[in-house]
Each structure stands twice: as structure tokens, then as C-alpha cells.
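Welcome! Here are some short exercises on reading a protein model, each with a worked solution.

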Amino acid sequence: MANSIIKHLLPLFFIQFLIPTSLSSSQSFKPKALLIPVTKDPSTLQYLTQIHQRTPLITINLVIDLGGQFLWLTCDHNYTSSTYKPARCHSSQCSLAGATACGNCFSPPSPGCNNNTCSLTPDNPITHTSTSGELSQDLISLQSTNGFNPTQNVTVSGFLFSCAPSFLLKGLAAGVSGMAGLGRTKIAFPSQLASAFSFHKIFAVCLASNGSNGVVFFGDGPYVFLPNVDASKSLTFTPLFTNRVSTASAEYFIGVKSIKIDNKTVPLNASLLSIDKNGVGGTKISTVNPYSVLEESIFKSVVKGFVEACGARNITRVGSVTPFEACFSKKNVLSTRLGWGVPTIEFVLQNESVVWSVFGANSVVDVSNEVICLGFVNGGKHPMTSIVIGGYQLENNFLQFDLEASRLGFSSLLFGRQTTCANFNFTSTV
């Protein structure tokens, strides 16, 4: 498995060419946007990125967590940096991070173990594990972009993150050191980078499918993909909502009003689509769930509607393939520009004219040479969130998160614009 992940990460190492002398965020060059590359790990189906951190700079591999509260890294083994600093109790850093707990470490001082420091609660949403971790700061280096290519590297000298013990890495892809949180907090990547370089609190995510490099942009567009397609020009917008209960407050929720399959409304309990006073219900977008997860009654209605619509197209249902329930023979299914020619699933948002369409490239998964399966899974009877739109359904869809306007811009499948998330030109102009 280790060899597999090393091979898979090779494209990232080529993208992140030799690190030039970096610029401090306090110097005269002010980038309009930054970027990080993204790949998909074939073993875990997690989305991975790299940054450069510490002094001297080293490459850090991370799992991307769209709704994560902050960057967390393991510090208990081989963390060496002349620019590492713990955040002292009652400091402005602790206040910014919303850290209320202070404590001491009863071992020799080291990164992640210092006295009179405040702490956060880093968590692993894959294994649903959390722990206490020292709030820390260190230098990070990222590439800036003009929207067409990467440009010069820049640094943030005091980027806030949480140290975490190594056991929190359980369940994550081999070779990673932590998770990159992109959520709605003051110390997640979007807010810290916007503050460091004085650009709008906007970021955009474009996940590519297996074997290709996608990209996350921090800052406003243009976001240009070969052959000269600016993805920001074809966005539909819908409000972002905040679930103010517990850690869900960092996650990104949208307002799904109904679901249609081939223009036919799926019957479901509409109350499940709203977030109640306990934070239960609603629809969120996630990069840590490999496939969309639906509350059981919604799942059953969607499967029933999809199977019936497939039957109307003479698509033959076959036996289930774990973790999927509804699977089909490819014999009578056409291959189209938008993926397999299966029924279209539509998430109807604030009104009937604002629709997130899920075409074959995102709705069904190739599980063998003969079989495709509906790429949605059963979330059980009482999940915290009724609909979780997972990574597979996001691939090759361009998503722009505007935190200041609290809205999501989405493109639906980029294949319709004759480009993909793998088509950003990572050739540097430096």
C-alpha cells in the first residue's frame, strides 16, 4: 500500500517543483489568489494535497477536509523547525482560534508539548476520533496564481494550526501528516490566507477523478482551465447555511428543497431537509465522504425512483455490489459526453430554476467491466445530516465558496463545457 500511495503522489511532487526563495506575507508582493494541487488516493478515496511548512521548509502531505475547522498535524515525531511557536494561554492567537482551554505538558518541551499553552480539539472525521492538541504557529509556503498558471511562492510566517498525536492518523491515507481544514472558522485555510494577503474570503474547489490532479484556489477568479475556460463564468449561486450546533458550525450546508429523477419529483419527508434546533437534518457538502450519504427513507425513495427511471430506459438491474444497493448491467447503457446515459438526478435548491444536476459521470460508479452502480449509500435512520453530498458527486464540478456573501457557486459537470478539473495548467510562469 505504501508503494501505491508513493506512486500516486508522484504527480504532486512534479507539480510542486523546486521551492524557490519564498516571500513573506508582509513583503510588497501581494498575490490575488493562491492554489494547492489535489489528487485522489485510490486506496482510501480521500483527497490529498501538499503544502510546504517549517524552517527549513519540508513537504507536508495532507488529507483535505472541506468542513474541517483548521489544519492539524502530528508533532510527536520528528517535528523540527526554527520558526515553531506554541500559542501561550490568553494570547491573541488563542482568542482568534476560539481556544478556551489552557494547560501544561509534563514532558520535556517540544512541538506539541509546552507549558502555559492553549489547546484545540483536532478530529479525524473518517474514524470519528478527536483529541486535545496544542495550538501552534509556524511558517507555511504556498504557490500564488494569476488564475491561468501557478506563479511565485509566498509564505505566511505565523500560520496557526493544531498539533495532534500520531494515533489520530488512523484511517487516513498512507504518508499523510494530518488534515487541511477548509471550514468556516477564523483559522481554517480560507480565512487565514485571506487575512494574510488581504483578499476576499473566497475559495474554490475542483476535484478530479482517479489518476488526475485537481486544484483548490484561495481568492477570487479567474479560474481558467484548458482550453481557456474560465469556470467562474458559468456558476449558479445558492445560499450557504450554517449549522450552529457543535463542530458542524464549520461545515458547508445548502438548502435542498426537493429531489427529482428525470424531472419526476421523488416523494420524501420534507422536514428532513431542514436543520432542526438540535442541528439534525439538512444537506452538507463533504470531501471526507467518498460517496453521497442519504438518510434511510430518502435513500430508499431515491433508489426506487432511479430504478424505475432506468427501467423506462430498458436498463437492466443486477445484484448489489457493496457498498452500493442499486446496480445495473452496462449492456443497454449508452456512453455520452456527460458519462453513462442514466437518469439525471436533480437537487432542487431555493426554487425550481436553481438546480444542481447530477449526470452519469457523477451518479453511477463503474464497479466492473459489466456493471455500474448508483453511487449513493444508505446513511441509516437517524443520521446527524440527512443528505451528505460526497466526493464522487463533486468530481469535475467547480464549486466556489464565498464566505463573505455566504453563497455557493456551482457549475454542475464541467464536461458540458468541454473541460475537466484535471485541465488546470500547473506549468509555472516563474
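**Exercise 1: A helix and its strands**

Helix α4 (residues 296–312) lies across β20, β21 and β28, at about 20 degrees to β20. Helices (H or I, at least four residues) and strands (E, at least two) are DSSP runs, numbered from the N terminus. Axes are lines fitted to C-alpha atoms, for helices over the stretch in contact (heavy atoms within 4.5 Å), and angles run from 0 to 180 degrees between N-to-C directions.

The model is predicted: local features need pLDDT of at least 70, side-chain atom pairs count only at pLDDT 80 or more, and totals for chains, interfaces and linings use all residues. Residues are numbered from 1 along each chain as its sequence is written, and side-chain values use heavy atoms, leaving out hydrogens and water.

**Exercise 2: The sheet**

Task: find the order of the four strands in the open sheet, then its edges.

Solution:
- Step 1. The order is β21-β20-β28-β29, with antiparallel pairing; strands pair if DSSP finds at least two bridges between them.
- Step 2. β21 (264–265) and β29 (355–358) each have a single partner strand, so one side of each lacks a neighbour in the sheet.
- Step 3. Inside, β20 (residues 258–261) and β28 (residues 345–348) are joined by four bridges; Ile 259 has Phe 347 in β28 as its bridge partner.

**Exercise 3: A loop residue**

Task: locate Ser 198 and decide whether Ser 198 is buried or exposed.

Solution:
- Step 1. Ser 198 sits in the loop between α3 (189–197) and β14 (202–206).
- Step 2. Its relative accessible area is 66%, so Ser 198 counts as exposed (over 50%; buried is under 20%, partly exposed in between; 1.4 Å probe, protein chains only).
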